[in-house]
Amino acid sequence: MDHPLTVFPGPASPALGSKVCAALQISPGRFVYRRFPDGETEIEVQQSVRGHDVYLLQSTGPPVEEHLMQLLLLADACRRAGAARLTAVIPYLGYARQDRRVDRRSLGARVAADVVALGRFDRLMLIDAHTPAVEGFFETPVDHLTAVPRLAGAAARVTGADGIVVAPDFGAVKLARAYAKALRLPMAFVHKTRLSGDAVEAEAVIGDVRGRRPIIVDDMLSTGGTVAAAARALRAAGAVEPISVAVTHALLVGRSRELLDELSLGRVMTTDTVAIAATDAGRLEVTSVAPLIASAIQANHREQSLASLRTPL
Ligand code: R5P
């Protein structure tokens, strides 16, 4: 595309956005974010974007609603200021777990997709969304990128031939298959039942994990309940230490930090799709997704294929 390239790191993703801009060798787009006494917010773009190919990089982790609104305000400001093309890069998409209707409950993923659509984006980029099917909730074209090769690369540095990739629930089986293929390891999975938002129960381990060092893989770690239940079930089934973890999105809500510390895990590998607190540096081993996002933006800007960056699931 002939139009100048501009990337705005949104208020939820300043550090990741700066890294992406550094990788692209451009300065971050300039804007100010104001909060009024009544709690309402406003965004003012402080540079010309008329005729630009604009990328707004904003994760929608907690507080999800606030981060969604910031994305929409930024999109509105850019659109009104004359951006030629607008792409939302949403490294972590909140509400994606609510992808099926249960009883008379709301369908959060569909509602979140409708909210994002209000930004009138030309294209969306997501990374390891909870399910690839979430793409179908958007009318806007989606490039679904994956951090699995990068995390598998980090895992490969310590995983031996006695490793085993473990899906902590049925939903993570396809993801585990991608890791198992990349690491050339067998896989097992845990039969999990969710009892509440932060309580899960592991009913059984399917596959022989005896004498093997597990690496639990999942799209995200939120309260840590899923990883904790899987780790305990694996120990009970005869797996050996250390048990490692690889998740794309580390939300670390509720008691997750205490749980992780109590579990005495090996390495907990993740990415920076959600901003990582400095205090978690000793707890997590972070592989940045900035090179992945920069490659995707560059390819899209040059109208080249993104096939090698897309999810293998
Ligand atoms: C669920 O289907 C997801 O893939 C994760 O397993 C889950 O959301 C992790 O949440 P938590 O850490 O709260 O158990």
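**Around the ligand and beyond**

Me: Which element gives the most to the shell around the ligand?
Reply: Four residues of the shell come from one strand, and no element gives more. Strands here are DSSP E runs of at least two residues, helices are H or I runs of at least four, and both are numbered from the N terminus. The element is β11.

Me: What kind of model is this, predicted or experimental?
Reply: Residues are numbered from 1 along each chain as its sequence is written, and side-chain values use heavy atoms, without hydrogens and water. Local features need pLDDT of at least 70 and side-chain atom pairs pLDDT 80 or more, while totals for chains, interfaces and linings use all residues, since the model is predicted.

Me: How many residues surround the ligand?
Reply: The closest are Arg97, Asp218, Asp219, Thr223 and Thr226. A residue counts if one of its heavy atoms lies within 4 Å of the ligand. By class, the shell has two nonpolar, six polar and six charged residues. The number of residues around the ligand is 14.

Me: What distance separates the side chain of Arg97 from an oxygen atom of the ligand?
Reply: Asp218 has a side-chain N or O atom 2.5 Å from a ligand oxygen, and a polar side-chain atom of Thr226 lies 2.5 Å from one. For the N or O atom in the side chain of Arg97, the distance is 2.5 Å.

Me: Which elements give two or more residues to the shell around the ligand?
Reply: Two of them are strands, β9 (187-194) and β11 (213-221). Completing the list is a helix, α6 (225-236). The names are β9, β11 and α6.

Me: Why does the salt bridge of Asp53 and Arg85 tie together parts apart in sequence?
Reply: A salt bridge puts a side-chain nitrogen of Lys or Arg within 4 Å of a carboxyl oxygen of Asp or Glu. Between Asp53 and Arg85, the closest N and O atoms are 2.9 Å apart. Asp53 belongs to β4 (residues 53-57) and Arg85 to β5 (residues 85-90), so the pair joins parts whose separation in sequence is 32 residues.

Me: What is the omega of the peptide bond from Pro62 to Pro63?
Reply: Most peptide bonds are trans. The bond from Pro62 to Pro63 is cis, and Pro63 is in the loop between β4 and α2 (64-80). Its omega is near -10 degrees.

Me: Where does Tyr95 lie?
Reply: Most residues other than glycine have a negative phi. Tyr95 has a positive phi, near 75 degrees. Its place is the loop between β5 and α3 (108-117).

Conventions
Polar contact = N/O pair within 3.5 Å; in protein donor to acceptor, adjacent residues only side chain to side chain. Nonpolar A, V, L, I, M, F, W, Y, C, P; charged D, E, K, R; others polar.
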